[in-house]
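Work through the exercises below with the sequence and the model at hand. Each task is followed by a solution in steps.

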Amino acid sequence: MIGNKAMYDQFFKAIDLNKTIRNAALKSAEKAFWVWNVEKNITNKPKEIQKLKFYEGSSILYSLLRNYDRKYISKKVLKRIYETLYKGAFLSSGDPDKNDFKEKYGIKPPNFITLSPSKACNLHCKGCYASSSSANAEKLPFDVTEKILREVHDDWGNRFVVISGGEPFMYKDSGKTILDLAEKFDDMFFLVYTNSTLINEEIAGKIAELGNITPAISVEGYEKETDERRGKGVYKRIMQAMDNLKKEGVPFGLSITGTKNNADILSNDDFYEYYFEKIGITYMWIFQYMPIGRGFDINLMVTPEQRFKMFNMWEKCIKEKHYFVADFWNSGIVSDGCIAYGRSGGYVYIDWNGNIMPCVFVPYHRDNVFDLYKNNKTITDALFSDFFKNGRKWQEEYGFGEGKTPHNWLMPCSIRDNYSDFRKRIITKDALPEDEMAEKAMKDKEYYEGMVDYDNRYREITEDYWNKRFLGKTK
Ligand code: SF4
């Protein structure tokens, strides 16, 4: 939960009033949010952590409002966001349903799933695994995607879904697409990672009509960097898709992979101003390159020094500029660390073969939806494999959960930032690699040493800073 309901009710009710009243409502909502998060601090986490949660939460409101005023978000869509995403997903962690789940299973359910229904993609980006442009590439039957969503909707109380790929707008089975999925589950909100090149005026119109989808559109930087990796002319097609969405009042965001090569761009104010002010995005997700998948390359990761600069930039964005930016992994503080392994409030990842993974960036699985369904089991059963249980135990020991003092959440990732723990304490022998490269990574001594060395170097930069600033400890 990232705030109390009264605060959001007040804000969303006032959104259409004249600017003076509306701004006063925004300020008072902010104040309530501050009191809730920082002064009352029901989580009992250190105040410095709660302050960052406050800035991230209020940056969402500012970013929505900014684009609502520009008419890039329609009233209808904003209302749907409030009903599905805010009330349904963010504000419902204390729901009786979830407490029932806890009573039965001993943990609260995850808050969402990421589902990749198809591996097919219409682009051929350098280094990407999803190279097949055939609509018949590996994919989940539509009735299985429906069954999965029905389960997490009814049993876990989920109202938020992330769709990834492949290119989600390429997905088609039995004549049905992801738009049919969003129509069927109309009280759920869908965040769809897309290259956007298939979002023409018609698709943008349909998305607006449904009102429960936001596309997170991939770029690599500006036009030059994007076309270099994604193909000549792709950036212009992206701009066209964004125009189509703005015209229909659909909020969209940006998704960008941070590497050693574009980290300088990502550490500069200009980049954020360009996309938030000139282009009109509502949010930006930065995923620092994780060396998994085809042709993984440890040397492409942002360096420890670049990463710390990006942390400062992220803080500046949410605190001073009110831009809703999340940087994975620098923003792990606001989610109380790693959210994988079906943690309470966290998520699981299911791919086009039905494999159930702890996270998009942990390419190993123990269970598969087809096998589970064949044996009259459910996805809930997958939460209790030793692999997932080990992950959750590690998260708790690393500071997640009531009354726990967090370890260094500037390095929250169970695999990328704590690779030796991942290998020694989390992954189990029965976990299968997702692909050849994931298998290779497990056997490659250089990979192991490179990952551990990276972790040690970043710990050296951040450990004292973490202890001093967030835990108030002096050496
Ligand atoms: S494993 Fe890493 S990438 Fe996945 S949720 Fe945890 S912190 Fe994020």
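**Exercise 1: the largest cavity**

Sorted by class, the residues that line the largest cavity are six nonpolar, two polar and two charged. The model is a predicted one.

Task: State how many cavities of 30 Å³ or more a search of the whole structure finds, give the volume of the largest cavity, and assign its lining residues to their classes.

Solution.
1. The search of the whole structure finds one cavity of 30 Å³ or more.
2. The volume of the largest cavity is about 40 Å³.
3. Its lining consists of Asp336, Gly337, Cys338, Arg343, Trp394, Gln395, Tyr398, Phe400, Trp409 and Pro412.
4. The charged residues of this lining are Asp336 and Arg343, and the polar ones are Gly337 and Gln395, because Gly counts as polar.
5. Cys338, Trp394, Tyr398, Phe400, Trp409 and Pro412 count as nonpolar.

**Exercise 2: the second largest pocket**

Task: Find which element gives the most to the lining of the second largest pocket, and describe that lining by class.

Solution.
1. The second largest pocket holds about 220 Å³ of space.
2. Two elements, α1 (5–14) and α4 (75–90), give two or more residues to its lining.
3. With six residues, α4 gives the most.
4. The lining includes Asp9, Phe12 and Lys13, as well as Lys75, Leu78, Lys79, Tyr82, Glu83 and Lys87.
5. By class, the lining has seven charged residues, five nonpolar and no polar.

**Exercise 3: helix α19**

Task: Check the end-to-end span of helix α19 (residues 445–470) against the value expected at 1.5 Å a residue, then locate its kink and its buried residues.

Solution.
1. Helix α19 has 26 residues, so at 1.5 Å a residue it should span 38 Å.
2. The C-alpha atoms at its ends are 35 Å apart, which agrees with the expected span.
3. The helix has a kink of about 40°, and threonine 462 is at its centre.
4. Thr462 is also among the buried residues of α19, along with Tyr447, Gly450, Met451, Tyr454, Asp455, Tyr458, Trp466, Asn467 and Phe470.
5. The elements that cover these buried residues include α3 (47–69), α13 (304–321), α17 (419–426) and α18 (436–443).

**Exercise 4: serine 116**

Task: Decide whether serine 116 is buried or exposed, and list its contacts beyond four places in sequence.

Solution.
1. Serine 116 is in the loop that runs between β1 (112–115) and α6 (142–154).
2. Its relative accessibility is 0%, so serine 116 counts as buried.
3. Leaving out residues up to four places away in sequence, serine 116 touches Leu140, Ser164, Gly165, Tyr349, Ile350, Asp351 and Trp352.

Terms used: Residues numbered from 1 in each chain as written. Predicted model: local features only at pLDDT ≥ 70, side-chain atom pairs only at ≥ 80, totals over all residues. Heavy atoms only, no water. Helix = DSSP H or I, 4+ residues; strand = E, 2+ residues; numbered from the N terminus. Buried < 20%, exposed > 50% of the residue type's maximum accessible area, 1.4 Å probe, protein only. Contact = heavy atoms within 4.5 Å. 1 Å grid on protein atoms, 1.4 Å probe; cavity = no way out; pocket = protein on both sides within 12 Å on 5 of 7 lines; lining within 4 Å. Points joined across faces, edges and corners; volume = space filled by probe spheres on them. Expected span 1.5 Å × (residues − 1). Bend = angle between axes of the 7 residues up to and from the residue.
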